[in-house]
Amino acid sequence: MKRITVAKGDGIGPEIMDATLAIMQAAGAQVTFDEIEIGERVYLSGNTSGISESAWESIRSNKVLLKAPITTPQGGGYKSLNVTIRKILGLYANIRPCNSLHPFVTTKHPNMDLVIVRENEEDLYAGIEHQQTDEVVQCLKLISRPGCEKIIRYAFEYAKLHGRKKVTCFTKDNIMKQTDGLFHQVFDEIAKEYPHIENEHWIVDIGAALLADSPELFDVIVVPNLYGDVLSDIAAQITGSVGLAGSANIGEECAMFEAIHGSAPRIQGQNIANPSGLIQAAVQMLAHIGQPDVAENIHNAWLKTIEDGIHTFDIYKEGLSKQKVGTKEFAQAVIANLGAMPKQLKKLNLAKDVSITLPKYQRKTPRKKELKGVDLFVHWNGTNANELASLLTELNTEDAKLSMITNRGIKVWPNGFPETFCTDHWRCRYHIEKEADLNKTHIIKLLANAHEKNVDVVKTENLYAFDGKPAFSLGQGQ
Ligand code: NAD
């Protein structure tokens, strides 16, 4: 018997969770539940994270959370509980299968059967943001080698385990050469370890367009966090309804399973919500905790119910569906179908062991890291970059000299275009001119000079070369 933690959440959460638990019980799942309260009521009681200490204890001791959607109150500095749970528990892989249920659920994409493997811990989702000047705010995009290795290896292992043929990677590395560039590079490295699985890379804009237009071209898709967030909702929606998809958040120690949709407050308490997303999450959970037979039984009974035309309002279609049912009645129909098989839809046939254990990340031998210069980010209210350059060359030290100014990434000095619009946020690059050994005392000197001359430096970024290769962006237009 496996003990798991259950959170019924807000809005339609309690209704779809009750329906899901009833199906699990009827199917003979060997689980007992600890229920925790998270979400709106906890937030509004003054806990800005939406989760209590005792709830954390339950999740950490049981290591598996089945979670219904929650409502994050607007305003008031409330943090997203989903993001917090994923990151604190190290749930690095977000797995979202999206397949159409044609011809029983209306979709423009009858042959769609793909899985999105979304990186879950880093990228712009780290939410590290600062206002630096009157006009400019920033969000830091962090991509790490261990983060890339874990998610990309997970995607290939997932493909191998589930007999999938291809893994596709989406990035925007033509623009973000360091961050998305690292994700792409690690993808190419790891793909070589799986010669029997096809691999490909698309720039995310055209890749996303293809996904929306011809999803049948894709099998497993691995993506950095933010692209994955957007693309997995699109992929779920075009199967027929967001109410149909579940997701697994997998870490080395713990895992969380949930529907992909939100708490749908407008339809709460009416017994009309589709519980399928959470049922799908429960199927993934049962497979994860080593009860694949129960998972298969529930999934196949669910498919049979969809085939029988017993549909909740969101997928009900006159002429196609047979019976419009409520949340509870849908669950009862799935229970009645336990043991039955779908006739047309592809039944679930899980490998007996569906757990994926990755090798522990091995830190590489450090590379030779040399300081090549520094970018001083300056808050300055003028508009003429040449004027700023004359002020900033006064900060030059013997070894570090002003070499470039950019504004929002566009080079505006030297030889800028007067047409370029400038904000009050300037990146001012200081480079070593000769083969001097630049060290941090040069940066301290530059900052001291800036302070003396009343130049408002709002942040610095060191410029490094690793193994002799410059590892920082140039100014666009340079
Ligand atoms: P939503 O997913 O709750 O609803 C979007 C639309 O889909 C609505 O029309 C809704 O009625 C419909 N819908 C969603 N689930 C359905 C289901 N199971 N059956 C039938 N129809 C369904 O998104 P939203 O309206 O943007 O957000 C509502 C609340 O949910 C917000 O407070 C948001 O913060 C929260 N939210 C929570 C999670 C989570 O806990 N995982 C995820 C997303 C949004």
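**Charge balance, overall build and the setting of His431**

The protein chain carries 52 positive and 58 negative side chains, and the centres of these two sets sit 3 Å apart. Everything here comes from a predicted model, so the numbers are computed from its atoms.

As for the overall build, the C-alpha atoms take up a box of roughly 80 × 55 × 45 Å along the principal axes. The protein chain holds 13 helices and 20 strands. Of its 478 residues, 52% count as buried. About 22,600 Å² of the protein chain is exposed, with carbon and sulfur atoms supplying 50% of that area. When contacts between residues at least 6 apart in sequence are tallied, 76% turn out to join residues at least 24 apart.

Zooming in on one residue, His431 belongs to strand 18, which runs over residues 425–432. The relative accessible area of His431 is 25%, and buried would require under 20%, so His431 counts as partly exposed. Leaving aside residues up to four places away in sequence, His431 touches Lys372, Gly373, Asp399, Ala400, Lys401, Ser403, Leu463 and Phe472.

Two of these partners can be given distances. Asp399 is 32 residues from His431 in sequence, yet the C-alpha atoms of the pair are 7.9 Å apart in space. With Ser403 the link is side chain to side chain: His431 makes a polar contact there at 3.3 Å.

Technical notes. Residues numbered from 1 in each chain as written. Predicted model: local features only at pLDDT ≥ 70, side-chain atom pairs only at ≥ 80, totals over all residues. Heavy atoms only, no water. Helix = DSSP H or I, 4+ residues; strand = E, 2+ residues; numbered from the N terminus. Buried < 20%, exposed > 50% of the residue type's maximum accessible area, 1.4 Å probe, protein only. Contact = heavy atoms within 4.5 Å. Areas by Shrake-Rupley, 256 points an atom, 1.4 Å probe, with all protein chains shown as cover. Lys, Arg positive; Asp, Glu negative; His and termini not counted. Charge placed at Lys NZ, Arg CZ, Asp CG, Glu CD. Polar contact = N/O pair within 3.5 Å; in protein donor to acceptor, adjacent residues only side chain to side chain.
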